[in-house]
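Take a moment with the sequence and the model before reading on. The paragraphs below go through it step by step.

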Number of protein chains: 2
Amino acid sequence: MAWSFDKHTPVYLQIAGRIRNDIIRGVYPPDSQIPSVRQLALTAAVNPNTVQHALTALEAEGLIYSESTAGRFVTGNTELIESAKQQAARELVEEFLRRAQELSITKEQLIKMLEEENG
Amino acid sequence: MAWSFDKHTPVYLQIAGRIRNDIIRGVYPPDSQIPSVRQLALTAAVNPNTVQHALTALEAEGLIYSESTAGRFVTGNTELIESAKQQAARELVEEFLRRAQELSITKEQLIKMLEEENG
DNA sequence: ATTACTGTACTAGCACAATAATACAATATA
DNA sequence: TATATTGTATTATTGTGCTAGTACAGTAAT
């Protein structure tokens with residue numbers, strides 16, 4: 001199925017985020033090859049240039065590297081991946097707390113709401 | 001101080017969100033007047049048209065209404081405000097859990113991380 | 001009556017995300 | 001050798017968020 005995107009945030013950032021998450025989760029293991037630009041463009045139902053934009057961003061982060069004409073691969077640096085995972089988790093929690101504060105919701109209320117959620 | 005905005009999301013949505021939160025939190029009480037378009041534009045350091053765009057969105061939600069030449073006012077419908085508060089909290093938690101799932105972080109880990117945060 | 005404030009409307013222009021359509025060099029494979 | 005696939009680059013076009021500037025009508029206060 002074609003990926004679904006939020007209307008109000010750049011598609012290339014959403015694609016980069018999704019692939020970054022897949023690397024962090026191990027869907028794309030270290031040193032493994034990721035799908036080609038054209039294949040990802042087909043899967044996501046977007047223009048190849050948009051995918052290229054996203055992958056360039058991930059390459060700048062060091063999470064992937066491109067082997068000339070062979071394709072793109074996940075970094076073998078597992079420490080970098082672990083670091084990215086920690087950072088993503090930290091940013092997630094921090095943004096959550098910040099937005100909760102903007103709504104004057106206390107941490108205790110948040111934990112209660114989380115426990116009541118079915119997940 | 002001028003408001004700070006995230007680079008990658010439309011400013012008018014961020015302004016609308018901020019004012020919505022202020023209504024929800026009671027910073028702008030029911031039936032009270034909110035600052036004028038031009039005043040908000042000065043405060044936020046953006047163009048008046050951008051503020052107008054944001055306020056039009058809030059008006060469509062029913063949270064504010066405009067009195068011709070007198071100004072804009074928060075709705076007197078406290079149930080609507082309460083409803084908006086519940087919805088905002090629910091969406092916050094749901095998005096948080098969804099993004100955590102994308103990182104393969106369990107609910108138990110999240111609660112532990114929240115408790116360890118200083119807030 | 002004049003002044004100052006309100007909301008509202010309109011045009012023009014800039015920046016950027018995104019699409020579309022190619023094109024080229026390098027490599028692996030049939 | 002020929003073909004397909006890889007990453008990469010280029011140009012043009014469209015849509016939209018945002019700014020800038022201006023204008024008008026209605027109301028309250030001086």
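How many nonpolar, polar and charged residues are in the lining of the largest cavity? Keep in mind that this is a predicted model. The lining has four nonpolar residues, four charged residues and no polar ones.

Now find that cavity. Searching the whole structure for cavities of 30 Å³ or more turns up one. Its space is about 60 Å³. Chain A lines the cavity with A:Leu92, A:Glu95, A:Phe96 and A:Arg99. Chain B lines it with B:Leu92, B:Glu95, B:Phe96 and B:Arg99. Two elements give two or more residues each to this lining: helix 4 of chain A and helix 4 of chain B.

Look next at how these two helices lie. Helix 4 of chain A covers residues 78–102. Its axis and that of helix 4 of chain B come within 11 Å and cross at roughly 180°. An angle over 145 degrees counts as roughly antiparallel. Helix 4 of chain A and helix 4 of chain B are therefore roughly antiparallel to each other.

Which residues meet there? From helix 4 of chain A come A:Leu92, A:Val93, A:Glu95, A:Phe96, A:Arg99 and A:Ala100. They meet B:Leu92, B:Val93, B:Glu95, B:Phe96, B:Arg99 and B:Ala100 in helix 4 of chain B. By class, this contact has eight nonpolar and four charged residues, with no polar ones.

Helix 4 of chain B also turns up at an open site, the second largest pocket. This pocket holds about 180 Å³ of space. Its lining takes A:Ser104, A:Ile105, A:Gln109, A:Lys112, A:Met113 and A:Glu116 from chain A. From chain B come B:Lys85, B:Gln86 and B:Ala89. Helix 5 of chain A (107–116) and helix 4 of chain B (78–102) each give two or more residues. The largest share, four residues, belongs to helix 5 of chain A. The classes split into three nonpolar, three polar and three charged residues.

Finally, turn to a contact within chain B. Helix 2 of chain B spans residues 37–44, and helix 3 of chain B spans residues 48–61. Their axes come within 8 Å and cross at roughly 115°. That makes helix 2 of chain B roughly perpendicular to helix 3 of chain B. The crossing is right-handed. Helix 2 of chain B brings B:Val37, B:Leu40 and B:Ala41 to the contact. They meet B:Pro48, B:Val51, B:Gln52 and B:Leu55 in helix 3 of chain B. Six residues of this contact are nonpolar, one is polar and none is charged.

Notes: Residues numbered from 1 in each chain as written. Chains lettered and ligands numbered in written order. Predicted model: local features only at pLDDT ≥ 70, side-chain atom pairs only at ≥ 80, totals over all residues. Heavy atoms only, no water. 1 Å grid on protein atoms, 1.4 Å probe; cavity = no way out; pocket = protein on both sides within 12 Å on 5 of 7 lines; lining within 4 Å. Points joined across faces, edges and corners; volume = space filled by probe spheres on them. Nonpolar A, V, L, I, M, F, W, Y, C, P; charged D, E, K, R; others polar. Axes fitted to C-alpha atoms, helices over the stretch in contact; angles between N-to-C directions. Parallel < 35°, antiparallel > 145°, perpendicular 65-115°, else oblique. Left-handed = near helix turned anticlockwise from the far one by under 90°. Contact = heavy atoms within 4.5 Å.
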